[in-house]
Amino acid sequence: GGSKRQGGKREGAKRKAPKRKRSTGDGPRRTPNAFMVFVQRHRARIQREVGAKAASEVSKRAGEEWRDMPAEEKEEYVQEARRLKEEAAREAEAAAEAAADAASEEDESAAAPAASRRRIQFSDDDDDDDD
């Protein structure tokens, strides 16, 4: 008697994660959180200090610095992230209003020519009949 599983997979084998859909680049980008604001400001310095261009090493070092940073120092980045988020929300709202205005103008301008193109045809039976 065997306790082997069919399919040849080991019992502890990991499954591959399903592939995520790639972004098409359309639409707004996510606003950076406080940590990402910190990384954007300090990436060049960290790269020089680490002496490596590998993103993983730079990210690791940035994470260590962020983790060790006192909350009072982090507040500057938290405020900047909040400001960026509010700014993005205002821009998105303005863009949505502009798109709605453009769509309503398009509807109005498209409706007029469509109405003028429609012709009502009447049947003229009088000429065809010889009654």
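## Helix α1, its core and its charged contacts

Ile46 touches Val58, Arg61, Ala62 and Glu65, once residues up to four places away in sequence are set aside. The model in which these contacts are found is a predicted one. Ile46 is also one of the buried residues of α1, a group that further comprises Ala34, Val37, Phe38, Val39 and His42.

**The nonpolar core**

The largest nonpolar core is built from 11 residues, namely Ala34, Val37, Phe38, Val39, Ile46, Val58, Ala62, Trp66, Met69, Tyr77 and Ala81. Two or more of its residues come from each of the helices α1 (34-50), α2 (55-68) and α3 (71-117), and α1 provides the largest share, with 5 residues. In soluble globular proteins, nonpolar side chains tend to be buried together.

**The course of α1**

At the N-terminal end of α1, Asn33 acts as a cap, with a side-chain oxygen placed 3.2 Å from the backbone nitrogen of Phe35. Further along, α1 has a kink of about 60 degrees that is centred on His42, and His42 is itself buried. After α1 comes Gly51, which has a positive phi near 75 degrees.

**Salt bridges**

The count of salt bridges comes to 8, and three of them are set out below.

| Pair | Closest N to O distance | Relative accessibility |
|---|---|---|
| Arg41 and Glu76 | 2.7 Å | Arg41 43%, Glu76 46% |
| Glu49 and Arg45 | 3.1 Å | Glu49 42%, Arg45 25% |
| Asp68 and Arg67 | 3.8 Å | Asp68 58%, Arg67 58% |

Arg41 belongs to helix α1 and Glu76 to helix α3, so their salt bridge ties together parts of the chain that are 35 residues apart in sequence. Arg41 counts as partly exposed, and Glu76 is likewise partly exposed. The bridge between Glu49 and Arg45 lies within helix α1, where the two residues, being 4 residues apart, are separated by about one helical turn. An α-helix has 3.6 residues a turn, so residues three or four places apart point the same way. Glu49 is partly exposed, as is Arg45, and both residues take part in a network of salt bridges that also links Arg61 and Glu65. Arg61 and Glu65 are, in addition, among the residues that Ile46 touches. Asp68 is exposed, and so is its partner Arg67.

**A buried lysine**

Lys74 is found in helix α3, and although Lys74 is buried, it has no salt bridge, the nearest side chain of opposite charge being that of Asp68 at 8.2 Å. Side chains of opposite charge can pair when their charged atoms come close. For a salt bridge the nitrogen and the carboxyl oxygen must lie within 4 Å, and the 8.2 Å that separates Lys74 from Asp68 does not meet this condition. Asp68 instead has a salt bridge with Arg67.

A polar atom of the Lys74 side chain does, however, lie 3.2 Å from the backbone oxygen of Trp66. Leaving aside neighbours within four places in sequence, Lys74 is in contact with Trp66, Arg67 and Met69, and of these contacts Trp66 and Met69 are members of the largest nonpolar core. The C-alpha atom of Lys74 is separated by 8.4 Å from that of Phe35, a residue 39 places away along the chain, and Phe35 is the residue whose backbone nitrogen meets the capping oxygen of Asn33.

Notes
Residues are numbered from 1 along each chain as its sequence is written. This is a predicted model: local features need pLDDT of at least 70, side-chain atom pairs count only at pLDDT 80 or more; totals for chains, interfaces and linings use all residues. Side-chain values use heavy atoms; hydrogens and water are left out. A nonpolar core is a set of buried Ala, Val, Leu, Ile, Met, Phe, Trp, Tyr and Cys residues joined through side-chain atoms within 4.5 Å. Buried means under 20% relative accessible area, exposed over 50%, partly exposed in between (1.4 Å probe, protein chains only). Contact means heavy atoms within 4.5 Å. Lys and Arg count as positive and Asp and Glu as negative; His and the chain ends are not counted. A polar contact is a pair of N or O atoms within 3.5 Å; within protein, one must be able to donate a hydrogen and the other to accept it, and residues adjacent in sequence count only if both atoms are side-chain atoms. The bend at a residue is the angle between axes fitted to the seven residues ending there and the seven starting there.
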